[in-house]
Amino acid sequence: MTHYATYDSPLGELLLVGEVSATAVGGTALTALSLPGQKGGATVQDGWTHDPAAFTEVIRQLRAYFDGELTDFTLEIATPGTEFRTRVWKALEAIPYGATTSYAKLTAEIGAASGAVRAVGTAIGANPVLIVRPCHRVIGADGSLSGYAAGPESKEQLLRLEHALPRTA
């Protein structure tokens with residue numbers, strides 16, 4: 001069963017989507033977190049249940065993150081993906097709070113050929129749980145804030161919050 005709720009964040013209203021999980025703190029595994037205006041973001045579907053209580057832990061952690069008190073999310077994420085996407089997403093989760101990396105460096109870190117940078121960018125763009133799986137921490141090799149599904153303004157705001165905004169941005 002799919003549940004959803006919204007959270008009014010500094011970036012606007014976030015859509016939270018999840019599924020019941022016996023192993024997740026609070027009982028809900030996050031399947032999507034979408035920002036306003038996000039390209040390819042989740043939208044509420046028929047049959048989904050509006051259940052804000054199911055997202056109490058998700059909202060608690062998001063609130064702490066936006067308040068500058070949380071640097072690592074400990075939420076259960078349930079997002080199926082290809083083996084390649086899963087490798088890229090796992091690498092995203094390893095980028096520490098307050099740090100950035102480039103698409104090229106991330107490509108090398110997962111052991112892909114240098115020609116796979118675009119494929120890595122596509123996998124990052126398919127990330128359904130923005131903020132929690134920090135794709136905003138991946139920037140252009142020149143420090144540009146390129147390639148964020150929710151737009152460069154949201155990416156800049158998140159990096160500013162984390163004190164990780166490149167000098168060139």
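Modeller: A residue is termed buried when its relative accessible area is under 20%. The structure under discussion is a predicted model.

Colleague: What makes α1 mostly covered?

Modeller: Eight of the eleven residues of α1 are buried, which means that each of the eight has under 20% relative accessible area. They are Glu-57, Val-58, Ile-59, Gln-61, Leu-62, Ala-64, Tyr-65 and Phe-66.

Colleague: Against which elements do the buried residues of α1 pack?

Modeller: Their partners are β1, β2, β3 and α5, the last spanning residues 152-161. Just after α1, Gly-68 adopts a positive phi of about 80°.

Colleague: What is the order of the strands in the open sheet?

Modeller: The order is β3-β2-β1-β4, four strands in all, with mixed pairing. Strands β3 (28-34) and β4 (49-50) each have a single partner strand, so they stand at the edges and one side of each lacks a neighbour in the sheet.

Colleague: How is helix α1 placed relative to this sheet?

Modeller: Helix α1, residues 56-66, packs on the sheet and touches β1 (2-9), β2 and β3. The direction of α1 makes about 25° with that of β1.

Colleague: How do you know that β2 and β3 are paired?

Modeller: Pairing requires at least two bridges between two strands. Six bridges join β2 (residues 12-20) to β3, so the requirement is met. The two strands run antiparallel, and among the bridge partners are Leu-16 and Leu-33, the latter in β3.

Colleague: Why is Ile-139 called buried?

Modeller: The relative accessibility of Ile-139 is 7%. The cut-off is under 20%, and Ile-139 therefore counts as buried. This residue lies in strand β6, residues 138-139.

Colleague: Which residues are in contact with Ile-139, leaving aside neighbours within four places in sequence?

Modeller: Ile-139 is in contact with Thr-100, Thr-101, Ser-102, Tyr-103, Ser-144, Leu-145, Lys-155, Leu-159 and Pro-166. As for Leu-161, it is 22 residues from Ile-139 in sequence and 16 Å away in space, C-alpha to C-alpha.

Colleague: Is Thr-101 buried or exposed?

Modeller: Thr-101 has a relative accessible area of 10%; since the limit is under 20%, Thr-101 is therefore buried. Thr-101 is found in strand β5, residues 101-102.

Colleague: What does Thr-101 touch, not counting residues up to four places away in sequence?

Modeller: Thr-101 touches Ile-95, Leu-106, Glu-109, Arg-137, Val-138 and Ile-139. The contact with Ile-139 brings together a residue of β5 and a residue of β6.

Conventions:
Residues are numbered from 1 along each chain as its sequence is written. This is a predicted model: local features need pLDDT of at least 70, side-chain atom pairs count only at pLDDT 80 or more; totals for chains, interfaces and linings use all residues. Side-chain values use heavy atoms; hydrogens and water are left out. Contact means heavy atoms within 4.5 Å. Axes are lines fitted to C-alpha atoms, for helices over the stretch in contact, and angles run from 0 to 180 degrees between N-to-C directions. Buried means under 20% relative accessible area, exposed over 50%, partly exposed in between (1.4 Å probe, protein chains only).
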